[in-house]
Amino acid sequence: RNKTNIALIAIVFFVMGGYLVARGAIGMGRQTDYQPEQPIYYSHKVHAGINQINCLYCHGNAWESKHAAIPSTNVCMNCHKAISTYEKGPKLFDEEGKEINGTAEIAKLYKYAGFDPNNPNKWDPSMAKPIEWVKIHNLPDHVYFNHAQHVRAGNVQCQSCHGEITDMHEVKQVAELSMGWCINCHRETNVKFKENGFYSMYEKFHNDIKAGKMDSVTVEKIGGTECQKCHY
C-alpha cells in the first residue's frame, strides 16, 4: 500500500534490468575461451611448438590476403604421407583429461585424404576431401580485417591476437576481439617504418623522425582509428 516503497522497488528492478541487458549486449558475439571440438584432434603445441612448423606453412594466405585460410587436406599430407604413427611426442589429452591416441587421429586424416598407408604409391590427391574444421575466431560481417595488412605490413606476430598458440594442444580464443580491444592496440602499437615500403607515402612522418621531431608513429596516427578503416 506504500506507493513510495513500490516506486523504489520498481526503480531498483529497472536499473538492475538495464544493467544486465546492457552487459549482455556488450558481450554479444564475443567468444573468449571458445574451444569447440574438432573433427580431428590437432595439437598446435606438437606441430608449431615442438616441431617448430612455421605458422605460414599452413596458413600461408595470412601473408598475402585478407583471410589466413585453413590448410587443405593435401597440405597436411605433405608431411603425414610419411608420418603414419604418433610415438615420440608427449602424451595427448583433451580438455576433459581423456588421453588421445595420436595414431588414431592420423588415421582420421587418411580417411579424409583417401590415403592407404599400405599402398602409398596408389594415392590420388585429387580424391581428398576437405576436413570440416570448426572456425574459432569470428568477426561480425560489418568488420573488415586484413591478415596481410597486419602480418606482412605491420609485422604483427600471430601470438598477439591468438595467444601462445605454440603451447596449445586444442586451440581456443584468447582475446575478446572487440572493437575496444582493437582500437587500444592501434593506439599503443608503433608502426615499423624502417625499410617498410607499405608506409612510404607518409613522407611527413619520415621527415619528422629524421629531424628528431618524433621518435615513433602509432597505428592511430596513420588512420588506424578512423571508422572507415574497419567499417566500410
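This passage looks at one buried glutamine, a pocket and two residues with unusual backbone angles.

The model is predicted, so local features need pLDDT of at least 70 and side-chain atom pairs pLDDT 80 or more, while totals for chains, interfaces and linings use all residues. Residues are numbered from 1 along each chain as its sequence is written, and side-chain values use heavy atoms, with hydrogens and water left out.

Gln173 sits in the loop between α7 (159-162) and α8 (179-188); helices here are DSSP runs of H or I with at least four residues, numbered from the N terminus. With a relative accessible area of 2%, Gln173 counts as buried (under 20%; exposed is over 50%, partly exposed in between, using a 1.4 Å probe and protein chains only). Its side chain reaches the backbone oxygen of Ala175 at 3.0 Å. Beyond neighbours within four places in sequence, Gln173 is in contact (heavy atoms within 4.5 Å) with residues including Asp33, Tyr34 and His137.

Asp33 itself lies in the loop between α1 (3-26) and α2, and has a positive phi of about 75° without being a glycine. Most residues other than glycine have a negative phi. Ala69, in the loop between α3 and α4, also isn't a glycine, and its phi is near 75°. Ala69 is partly exposed, at 32% relative accessible area.

As for helices α2 (44-50), α3 (55-58), α4 (73-80) and α5 (102-113), each gives at least two residues to the lining of the second largest pocket.

Conventions. Polar contact = N/O pair within 3.5 Å; in protein donor to acceptor, adjacent residues only side chain to side chain. 1 Å grid on protein atoms, 1.4 Å probe; cavity = no way out; pocket = protein on both sides within 12 Å on 5 of 7 lines; lining within 4 Å. Points joined across faces, edges and corners; volume = space filled by probe spheres on them.
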